[in-house]
Amino acid sequence: LKKLIDNMIETMHHADGIGLAAPQVGKSISLFVVDVSPLEEGHKPMVFINSEIMEFSGESPYNEGCLSIPGVTGEVLRPDKIKLKYTDLEGKNHHVKADGILARVIQHEFDHVMGRLFIDYWNIEKREEFATILKRLEAKNRK
């Protein structure tokens, strides 16, 4: 598990990402890593195992992108603040509050664990706008 997490953090940093979920690297487990330090000082990489978002509050839009869908970005409406529980790499349980970009990235990566992508929040017109790019990516991934 430690090796997987180290590899995920390295992959995330190499791709200039701020989050990466295990399903994105072919692992069907409830695990994701987050590092918002490129956007906010004072943060370091965090590991979330078996996370559960307990409460949401507020709501605001933000232009999101994803390492799974390169070249596609778009506005997503998400809660501003969350309360969650999770386990860290050492097996310690945590209950924390998050807001701002950290809350957004946690929700984005949690969505991957739950089988959702940020484009799933878009209306049909917005998805059709990117249909050509998405079809090209699907065809590339089938090879």
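In the predicted model, Asp99 is in contact with Asp80 and Lys81 when its neighbours within four places in sequence are left aside. Asp99 belongs to strand 7, which covers residues 93-99. With a relative accessibility of 46%, Asp99 is classed as partly exposed, because this value falls between the 20% limit for buried residues and the 50% limit for exposed ones. The C-alpha atoms of Asp99 and Ile119 are separated by 22 Å in space, and the two residues by 20 positions in sequence.

The interior of the model was examined next. The largest nonpolar core comprises 17 residues, and those with the most contacts inside it are Phe32, Val34, Phe48, Ile82, Leu84 and Ile106. Two or more residues of this core come from each of strand 2 (31-34), strand 3 (46-57), strand 6 (81-87) and helix 2. Helix 2 makes the greatest contribution to the core, with 7 residues. In soluble globular proteins, nonpolar side chains tend to be buried together.

Phe48 illustrates the packing around one core residue. Apart from residues up to four places away in sequence, Phe48 touches Ser30, Leu31, Phe32, Val34, Leu84, Tyr86, Thr87 and Ile106. The relative accessibility of Phe48 is 0%, so this residue counts as buried. Phe32 also has a relative accessibility of 0% and is therefore buried.

The structure contains 4 aromatic pairs. One of them is formed by Phe32 and Phe48, whose rings are stacked, with a centre-to-centre distance of 4.8 Å and an angle of 15° between the planes. Because Phe32 lies in strand 2 and Phe48 in strand 3, this pair ties together parts of the chain that are 16 residues apart in sequence. The rings of Phe48 and Tyr86 are tilted, since their planes meet at 50°, and their centres lie 4.4 Å apart. This second contact links distant parts of the chain, with Phe48 in strand 3 and Tyr86 in strand 6, 38 residues apart. Phe48 and Tyr86 are both buried. Together, Phe32, Phe48 and Tyr86 make up one aromatic cluster.

Rolling a probe the size of a water molecule over the atoms shows where empty space is left. The largest pocket encloses about 300 Å³ of space. Its lining consists of 18 residues, of which Ile18, Gly19, Gly65, Cys66 and His108 are the closest to the pocket centre. At least two lining residues are supplied by each of strand 4 (60-65) and helix 2 (100-113). Helix 2 gives the most to the lining, with 6 residues. Helix 2 is likewise the element that gives the most to the largest nonpolar core. By class, the pocket lining is made up of 7 nonpolar, 7 polar and 4 charged residues.

Backbone geometry was also considered. Most residues other than glycine have a negative phi, and most peptide bonds are trans. Asp16, a residue other than glycine, has a positive phi near 55°. Asp16 is placed in the loop between helix 1 (2-14) and strand 1 (19-21), and its relative accessible area of 71% makes this residue exposed. Asn50 is not a glycine either, and has a positive phi of about 50°. Asn50 is located in strand 3, the strand that also holds Phe48. Asn50 has a relative accessible area of 52% and is therefore exposed, whereas Phe48, at 0% relative accessibility, is buried.

Terms used
Residues numbered from 1 in each chain as written. Predicted model: local features only at pLDDT ≥ 70, side-chain atom pairs only at ≥ 80, totals over all residues. Heavy atoms only, no water. 1 Å grid on protein atoms, 1.4 Å probe; cavity = no way out; pocket = protein on both sides within 12 Å on 5 of 7 lines; lining within 4 Å. Points joined across faces, edges and corners; volume = space filled by probe spheres on them. Helix = DSSP H or I, 4+ residues; strand = E, 2+ residues; numbered from the N terminus. Nonpolar A, V, L, I, M, F, W, Y, C, P; charged D, E, K, R; others polar. Buried < 20%, exposed > 50% of the residue type's maximum accessible area, 1.4 Å probe, protein only. Contact = heavy atoms within 4.5 Å. Core = buried A, V, L, I, M, F, W, Y, C linked by side-chain atoms within 4.5 Å. Phe/Tyr/Trp six-rings, centres within 6.5 Å; stacked < 30°, edge-to-face > 60°.
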